[in-house]
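I opened this entry to keep track of what I look up in the model. Notes follow in the order I took them.

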Amino acid sequence: MKRKIILFLITIAISITPIKANAQNLQTDTIITIEQDTDGNYFEIVTSSWNEINLQRTSLQKSASKTINYKNSSGDVLWYVKVTGTFTYEKGISSRCTNSSVSANSNNALWKISNRTCSKSGSTANASAKGTLYRGTTAIRSLTKSVSISCDNFGNIS
């Protein structure tokens, strides 16, 4: 009898536990544009997004990032700045950015990264960073790049 009661309670616990239904967390990468620099280097802009759909609520959540890679003429990434945003939206009604973060680093010892900032406003996440090229201890060139990512009322990322 005791065993039947325990099994009955376990069955009830399993049946009332909410099940979170998520769509597949598929990542999509798209190179948006390439901007040529005067010295043969170039900026490559890449957007990535992941779906996290919660069917128990009316609002949906999506995370996305946009990266600006500063590359040399050989295609090597010298440094990058990346904004990541988390967005909540109700299809066709509203959207808002709930979180933003910045990541910016150098892959080349001659470039140093500073002034990393991020913010969010409405349905947009923003980030910026400054890359400075050094020869020894002397700064030769500085570039500040800003990147933003938005989500519309239908979950489209731009």
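What share of the contacts between residues at least 6 apart in sequence join residues at least 24 apart? I get 46% for the chain. I note here that the model is predicted.

**Overview**

I listed the secondary structure next. The chain has 1 helix and 8 strands. Read from the N terminus, the elements run α-β-β-β-β-β-β-β-β. I then looked at burial and surface. Of the 158 residues in the chain, 35% are buried. The exposed area is about 9600 Å², and carbon and sulfur atoms supply 52% of it.

**The sheet of E6, E7 and E8**

I turned to an open sheet of 3 strands. Its order is E6-E7-E8, and the pairing is antiparallel. Which strands stand at the edges? They are E6 (111-121) and E8 (138-150). Each has a single partner strand, so one side of each lacks a neighbour in the sheet. I also checked the angle between neighbouring strands: on average they are turned by 10° against each other, direction ignored.

I went through the pairings one by one. E7 covers residues 124-135 and pairs with E8 over 12 bridges, in the antiparallel sense. Within this part I picked out tyrosine 134, whose bridge partner in E8 is alanine 139. E6 and E7 are also antiparallel, with 9 bridges. There I found isoleucine 113 opposite glycine 131 in E7. The hairpin of E6 and E7 leaves 2 residues between the strands. In this hairpin, glycine 122 takes a positive phi near 60°.

**Serine 128**

I stayed in E7 for one residue, serine 128. Is serine 128 buried or exposed? Its relative accessibility is 14%, so serine 128 counts as buried. The cut-off I needed for this is under 20%. What does the side chain of serine 128 make a polar contact with? I found the side chain of threonine 117, at 2.8 Å. I then listed the contacts of serine 128, leaving aside neighbours within four places in sequence. They are Val81, Val102, Asn115, Arg116, Thr117, Lys145 and Ser146.

**Cysteines**

How many disulfides does the rule count? The count is 0. I looked at cysteine 118: its nearest cysteine sulfur belongs to cysteine 97, 9.3 Å away. A disulfide requires sulfur atoms within 2.5 Å, so this pair does not qualify. At 38% relative accessible area, cysteine 118 is partly exposed. I did the same for cysteine 151. This residue is in no disulfide either, and its nearest cysteine sulfur, again that of cysteine 97, is 9.1 Å away. Cysteine 151 is buried, with a relative accessible area of 2%.

**Isoleucine 32**

My last stop was strand E1, residues 27-36, where isoleucine 32 lies. Is isoleucine 32 buried or exposed? I noted a relative accessible area of 52%, so isoleucine 32 is exposed. The cut-off for that label is over 50%. I then took a C-alpha to C-alpha distance from isoleucine 32 to glutamate 44: 7.8 Å in space, against 12 residues in sequence. Not counting residues up to four places away in sequence, isoleucine 32 touches Ile45 and Thr47.

Terms used. Residues numbered from 1 in each chain as written. Predicted model: local features only at pLDDT ≥ 70, side-chain atom pairs only at ≥ 80, totals over all residues. Heavy atoms only, no water. Pairing = 2+ DSSP bridges. Helix = DSSP H or I, 4+ residues; strand = E, 2+ residues; numbered from the N terminus. Axes fitted to C-alpha atoms, helices over the stretch in contact; angles between N-to-C directions. Buried < 20%, exposed > 50% of the residue type's maximum accessible area, 1.4 Å probe, protein only. Polar contact = N/O pair within 3.5 Å; in protein donor to acceptor, adjacent residues only side chain to side chain. Contact = heavy atoms within 4.5 Å. Areas by Shrake-Rupley, 256 points an atom, 1.4 Å probe, with all protein chains shown as cover.
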